[in-house]
Amino acid sequence: MGERSASLSDAKIAVVLPCYNEAAAIATVVADFRQALPMARIIVFDNNSDDATVAEAQRAGAEIRHEYQQGKGYVVRRIFADIDADCILIADGDGTYDAADAGKLVDAVINGHTDMAVGVRKPLDAKTAYRPGHVFGNMMLTAMVRFFFGRGFSDMLSGYRAFSRRFAQSFPITSSGFEIETEITIHCLSLGLPAREIITSYGARIEKGGSKLHTIRDGFRILGTMLRLFKDYRPMLFFSLAALMLAASSLGIALPVVTDYLATGLVERLPTAVLSVGIMLCALLAFVCGLILDSVARQRLEAKKLAYLLSSRSNYNDQKR
């Protein structure tokens, strides 16, 4: 324990809390994280709050930053661009995450040499902490990521995460909203970065009124982001599946045409035959697109790995100085 505390005290740690209208909770959240990580900077990133969030955060002693483009993805993009730290811990400002577990996540990055530590949520009271739709959506998306990418995380939508400096410097964020966790997860999986999951308590929001996550709307946005990233990262598999479905449809449509031809020697359903051929051509085109885009995706992945390695080397040289 002494070695761990000494190591953490020497590291530059930033606890960053993205906030939108969290006046009821933010002072308590800041105080809890300050107690859990007294050596860390506590930074509140306000995202156009129209209540007393900023005033409450300042009163609690937090640094204040602003991101005026609405959406959590924009906030995280600014965090990774502006915050210079050996470890960046991001948590929601609504009081749902247990600050007492922050040291475990930070220690996994600083001493465990991982690039991302994910707080796997264990609800203190599942009825008040989770909506049934959120539980189902999280399970479905987690299963789909495991199917598409071969592995995944137990709680891929958790907003309680710690990141290494090199992760932050090598991650090209494109998401704008709550789908940011999906993009972060897939970026980590595609590069094969070292990551760790840590069980953490999860409670109900301090402020009454429920989560700002809209189950249906944001669920579809997250699903759309995952499908887009699946296409970008695994185009060969994506377009091969599309080609397989098109080819199966073409053969199904062509079956009666072939049967009639074998029986009579005539193509009596010419429009059906033309449709079948057209669909099969689309299947071939999809397969060829997959081949071409697979080469492009490999080049993009190599560029991301190079950025990650260059960031690692730069950080190592800075430490030597």
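User: Which residue has a backbone nitrogen that the side chain of Ser158 reaches, and at what distance?
Analyst: This is a predicted model, and in it Ser158 is found in the loop between helix H7 (132-149) and strand S6 (161-164). Ser158 has a relative accessible area of 0% and is therefore buried. From that loop, the side chain of Ser158 reaches the backbone nitrogen of Tyr160 at 3.3 Å.

User: Which residue has a backbone oxygen that lies 2.6 Å from a polar atom of the side chain of Ser158?
Analyst: A pair of N or O atoms has to lie within 3.5 Å to count as a polar contact, and a distance of 2.6 Å is given for a polar atom of the Ser158 side chain and a backbone oxygen. The residue that carries this backbone oxygen is Gly119.

User: Is Gly103 buried or exposed?
Analyst: Gly103 is found in helix H5, which covers residues 102-110, and its C-alpha is 9.9 Å from that of Ala162, although the two are 59 residues apart in sequence. The cut-off for burial is a relative accessible area under 20%. Because the relative accessibility of Gly103 is 8%, this residue counts as buried.

User: Why is the ring pair of Phe163 and Phe167 classed as it is?
Analyst: The model holds 10 aromatic pairs. In the pair of Phe163 and Phe167 the ring centres are 5.1 Å apart and the planes stand at 35 degrees. Planes under 30 degrees apart would count as stacked and those over 60 as edge-to-face, so at 35 degrees the pair of Phe163 and Phe167 is tilted.

User: What form does the aromatic pair of Phe230 and Phe238 take?
Analyst: Phe230 is buried, with a relative accessible area of 2%, whereas Phe238 is partly exposed, with a relative accessible area of 26%. Their ring centres lie 5.6 Å apart, and the angle between the planes is 75 degrees. Since the cut-off for this class is an angle over 60 degrees, the pair of Phe230 and Phe238 is edge-to-face.

User: Which residue lies over the face of Tyr202?
Analyst: Tyr202 belongs to a cluster in which ring pairs link it with Phe33, Tyr97 and Tyr160. At 5.2 Å from the centre of the Tyr202 ring, and over its face, lies Arg121.

User: How far apart in the chain are Asp84 and Lys12, which form a salt bridge?
Analyst: The structure holds 16 salt bridges, and in the one between Asp84 and Lys12 the closest N and O atoms are 3.0 Å apart. Asp84 is in the loop between helix H4 (72-82) and strand S4 (87-90), while Lys12 is in the loop between helix H1 (2-10) and strand S1 (13-19). Both residues also belong to a network of salt bridges that includes Asp86 and Arg165. The pair thus links distant parts of the chain, and its separation is 72 residues.

User: By about how many helical turns are Arg59 and Glu56 separated?
Analyst: Arg59 forms a salt bridge with Glu56, with 2.7 Å between the closest N and O atoms. At 61% relative accessibility Arg59 counts as exposed, whereas Glu56 is partly exposed, with a relative accessible area of 23%. Because they are 3 residues apart in helix H3 (residues 53-59), their separation is about one helical turn.

User: Which residue meets Asp260 in a salt bridge?
Analyst: The partner of Asp260 is partly exposed, with a relative accessible area of 38%. The N to O distance between the two side chains is 3.1 Å, and the residue that meets Asp260 is Arg269.

User: Which helix gives the largest share of the nonpolar patch?
Analyst: Val258, Tyr261, Leu262, Val267, Leu270 and Val274 make a nonpolar surface patch of about 600 Å². The elements that give two or more residues to this patch are helix H11 (235-264) and helix H12 (270-320). Val274 lies in helix H12 and is exposed, with a relative accessible area of 53%. The largest share, 3 residues, comes from H11.

Methods. Residues numbered from 1 in each chain as written. Predicted model: local features only at pLDDT ≥ 70, side-chain atom pairs only at ≥ 80, totals over all residues. Heavy atoms only, no water. Phe/Tyr/Trp six-rings, centres within 6.5 Å; stacked < 30°, edge-to-face > 60°. Buried < 20%, exposed > 50% of the residue type's maximum accessible area, 1.4 Å probe, protein only. Lys NZ or Arg CZ within 6 Å of the ring centre and 35° of its normal. Patch = residues over 30% accessible without salt bridge, like charges linked within 9 Å, V, L, I, M, F, W, Y side chains within 5 Å. Areas by Shrake-Rupley, 256 points an atom, 1.4 Å probe, with all protein chains shown as cover. Salt bridge = Lys/Arg side-chain N within 4 Å of Asp/Glu carboxyl O. Helix = DSSP H or I, 4+ residues; strand = E, 2+ residues; numbered from the N terminus. Polar contact = N/O pair within 3.5 Å; in protein donor to acceptor, adjacent residues only side chain to side chain.
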